[in-house]
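Please open the model in a viewer and keep the selection panel at hand. The tour below proceeds helix by helix.

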Amino acid sequence: MDIYIMSMERKALMNRNKELIKNTFIILIGKVSTQLITFLLLPIYTVFLSTTEYGKVDLIITYINLLAPLISLQLEYAAFRYLLEARKKEDKQGEIICNTLLILFIISIICIIIFIPLYFITNYRYAVYLMIILIITMFANMLLQFARGLGDNLNYSIASFITGVSNALISVFLVVTLKKGITGILLAMIISNMLCVIYLFFKLKLRRIVFKYKYNKTLLKILLKYSIPMIPNSICWWIISVSDRSILTWILGAGANGIYSIAAKFSGVIVTLYNIFNLSWTETVSLHIDDTDANEYLSNTFNDIICFFACGCIAIICIMPFVFNILIGVNYVDAYKFIPFLILGSFFNIIMGMLSAIYIGKKKSSEMAKTSAWAAILNVIINVIFIKLIGIWAAVISTVISYLIVSVYRLHDVKKYVNLKVNKKKIVVLFLLFIFTTCLYFVNYLYINILSLIIMLIISYLLNKDIIENVYFKLKNKIKLMKG
């Protein structure tokens, strides 16, 4: 009997890992290709846009990305979470989709009504573009979460690919060929998000159900009860993400924000890659958090993934001396010195993301807000006090400290729901490796950079041997089956 139970548990573990890897790779194909194209466009943007222009563009995009989920009342996340539980109930799926779209449509109308007088008061040059981008981004985000909630990760990936590639191609055409500058980038965002909405509207067959179900007050209360507590959390991260850029622009000018934004692009690469995995991770946690072996499974996966992405962070530090001058224009060379520390902040950001999935799985959205508030306050205080004294370094330090505080707090807080065991020995090894590679990064001598890269690759392989070999054999078997 014990052998049978162990066999069943092992089979369940294999199925969960298979599901996690499969979903990650499907999303990876669409997301990585998109991000790679966008990343390779940096040399073009840094040539055709001044530091001031790039600083303005980055600030606009940052505000849009953070305001969209805030104004939408985070309903897209509620839709995702409850669609997960309704995968075998078509009527329930239809009700969730119709009611969330109805509320989003009402929110959009309210935004337009508020926007019209504000436009004439402020007379801001890019106001109309911002309003259109905000509304279309809210709908794109909502439909993307519909796809995830319904388990249609393939169309989620394709829609993301369409958005990213069309955005890149259109922005290059408008910025490089037509010399449209900031306006060109904003127009590209509008068109690419519209293409995403159109694609998903037809692929998810929303036309069949959008008018089929009526307003359901009880359902909306359930969805809002889950989503509204996430708004304070979103505000906190809005403060953390935007305060750096806003205060930099306000005190030191858009040029300083442009340099900081370029430095953050490289640290953002690893976060983007993690966010791709996190889409599958959140789904897996939500579906299996109440399993009998959830504590062991979540602990093992948490430690493996943290180690894997920590090595990814360190790898970027080792690679940067070889590629920085190739990718970045001469006006942005000051960004080089900030990169390792922003990458450290990204590592803490990844830890937060892994733990957020547990809150979502347990439907404890309000707890996330509590863990973010002090970090947001501290972030602003550090920026306001120190930016005049140490410039861009204040923004870098405030980011690292904010993410660190939330990571440590959440590590302790989630133990109320899951007995999460952290491999402290691996964490110590990883921090020593980070310190070592960062020191060599600043020496920036060719042979030392090569040595640093080799050492990092060897240690990373040893630390992640099981994951690398597991993924390798799974891919190898998959290729064999495809050929056969």
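The expected span of a helix is 1.5 Å times one less than its number of residues. This yardstick serves the first stop, in what is a predicted model.

**First selection: residues 294-327.** This stretch is helix α13, which comprises 34 residues. A straight helix of that kind would reach 50 Å at 1.5 Å a residue, yet the end C-alpha atoms of α13 are only 44 Å apart. Where in α13 does a kink lie? Centre the view on Met320: a kink of about 60 degrees lies there, shortly before the proline Pro321. Next, display the surroundings of α13. Of its 34 residues, 24 are buried, so the helix is largely enclosed by the rest of the structure.

**Second selection: residues 153-177 and 181-203.** These are helices α7 and α8, whose axes come within 8 Å and cross at roughly 155 degrees. Because angles over 145 degrees count as roughly antiparallel, α7 is roughly antiparallel to α8. The crossing of α7 with α8 is right-handed. Colour the contact between α7 and α8 by residue class: it has 15 nonpolar, 9 polar and 1 charged residues.

**Third selection: residues 75-84 and 254-288.** Here helix α4 meets helix α12. At what angle do the axes of α4 and α12 cross? They cross at roughly 50 degrees and come within 10 Å. That angle makes α4 oblique to α12. Viewed along the line of approach, α4 and α12 form a right-handed crossing.

How values were computed
Residues are numbered from 1 along each chain as its sequence is written. This is a predicted model: local features need pLDDT of at least 70, side-chain atom pairs count only at pLDDT 80 or more; totals for chains, interfaces and linings use all residues. Side-chain values use heavy atoms; hydrogens and water are left out. Helices (H or I, at least four residues) and strands (E, at least two) are DSSP runs, numbered from the N terminus. The bend at a residue is the angle between axes fitted to the seven residues ending there and the seven starting there. Buried means under 20% relative accessible area, exposed over 50%, partly exposed in between (1.4 Å probe, protein chains only). Axes are lines fitted to C-alpha atoms, for helices over the stretch in contact, and angles run from 0 to 180 degrees between N-to-C directions. Angles under 35 degrees count as roughly parallel, over 145 as roughly antiparallel, 65 to 115 as roughly perpendicular and the rest as oblique. A crossing is left-handed if the near helix is turned anticlockwise from the far one by less than a right angle, and right-handed if clockwise. Ala, Val, Leu, Ile, Met, Phe, Trp, Tyr, Cys and Pro count as nonpolar, Asp, Glu, Lys and Arg as charged, and the others, Gly among them, as polar.
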